[in-house]
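Here's a walk through the metal site, the rings and the open spaces of one protein. Have the structure open while you read.

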Amino acid sequence: MVPYDQIFENNRRWAETRRQHDPQYFARLAKDQRPDYLYIGCSDSRVPADVIMGVEPGDVFVHRNVANIVANTDLNTATAIEYAVVVLEVKHVIVCGHYNCGGVQAAMRPRDMGILNPWLRNIRDVYRLHKDELNAISEEGARYDRLVELSVVEQCINVVKTAAVQHSYLKRGYPRVHGLVFDLRTGIIKDLGVNFEDHLRAIQEIYNLTDAPWPVGDR
Ligand SMILES: [Zn+2]
């Protein structure tokens, strides 16, 4: 464990190194942010967004919660999406899950998890939606891995359901929504190949929040 006092020593050294490499670094950083990415990921301490993506401060707007869930009634996630899409005009929205996710595993235990129940129910709902596919996987680890992937896809769909994303895509042609999974066992990020246009078209049959006729993806 890193002792508490060590954090300030580390920070001082980091700031000093940055200044040495680029004297204007903090002046520039303090001015504004123009990130191209909104990253929605898990709070898990082993999955730091900017580190695994190899990007710098200012490159990615980050929202993290337990098990990277985009719940329809969650004002916190909704605010992050709204701000990133409408104000920052990000070009890409990334939902990034990870294998060995404690939140996903907790959701699959038949147990009363108290205050966590309504949150983890979002993952149990994903399981219910894809029960046949998941139950056909006999090995438990492989089943969890697949649930992690399917949950990311469902959270991507929840992002596409938002008015901010639909309006922005119709007006500007972005953001596009991507589903990724980080593998803690290899350090590699996998793109799940979520077909953004197909999802948008399907979603707009029911969740069209723009005045435009669907499918906007054909524009
Ligand atoms: Zn997790």
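A quick word on terms first: helices (H or I, at least four residues) and strands (E, at least two) are DSSP runs, numbered from the N terminus. This is a predicted model, so local features need pLDDT of at least 70 and side-chain atom pairs count only at pLDDT 80 or more, while totals for chains, interfaces and linings use all residues. Residues are numbered from 1 along each chain as its sequence is written, and side-chain values use heavy atoms, with hydrogens and water left out.

**The zinc site**

Start with the metal. Cys 42 (SG), His 98 (NE2) and Cys 101 (SG) are the protein donors of the zinc ion, at 2.1 to 2.3 Å from it. Donors here are N, O and S atoms within 2.8 Å of the metal (3.2 Å for Na, K and Ca), and since water is not among the atoms, sites may look incomplete. Along the sequence, the donor residues follow the spacing C-x55-H-x2-C. Cys 42 sits in strand β1 (residues 37-42) and His 98 in strand β3 (residues 92-98), so this pair ties together parts that are 56 residues apart in sequence. Both Cys 42 and His 98 are buried; buried means under 20% relative accessible area, exposed over 50%, and partly exposed in between (1.4 Å probe, protein chains only).

**Aromatic rings**

There are five aromatic pairs in the structure. Rings of Phe, Tyr and Trp (its six-membered ring) pair if their centres lie within 6.5 Å; planes under 30 degrees apart count as stacked, over 60 as edge-to-face and the rest as tilted. Tyr 4 and Phe 8 make an edge-to-face pair, 5.3 Å centre to centre with 80° between the planes. These two are four residues apart in helix α1 (residues 4-21), so about one helical turn separates them. Tyr 4 counts as exposed at 58% relative accessibility, and Phe 8 is partly exposed at 48%.

Tyr 25 and Phe 26 are edge-to-face as well, with ring centres 5.0 Å apart and planes at 85°. Tyr 25 is buried, at 10% relative accessibility, whereas Phe 26 is partly exposed at 24%. Ring pairs also bring in Trp 14, linking Trp 14, Tyr 25 and Phe 26 into a cluster.

One more ring has a charge for company: Lys 91 lies over the face of Tyr 174, 4.8 Å from the ring centre. That label applies if NZ of Lys or CZ of Arg is within 6 Å of the ring centre and within 35 degrees of the ring normal.

**Pockets**

On a 1 Å grid over the protein atoms alone, a pocket is an open set of points where a 1.4 Å probe fits, with protein on both sides within 12 Å along at least five of seven lines; lining residues have an atom within 4 Å of a point. A volume is the space filled by probe spheres set on the points.

| Pocket | Volume | Lining residues | Top contributor |
|---|---|---|---|
| Largest | About 230 Å³ | 14 residues | α6, five residues |
| Second largest | About 170 Å³ | 13 residues | α4, four residues |

In the largest pocket, Asp 125, Leu 129, Glu 154, Asn 158 and Lys 161 lie nearest the centre. The elements giving two or more residues to that lining are α6 (117-129) and α8 (140-160).

For the second largest pocket, the residues closest to the centre are Asn 72, Ala 78, Ile 81, Thr 162 and Ala 163. Here α4 (75-87) and α9 (163-172) are the elements that give two or more residues.
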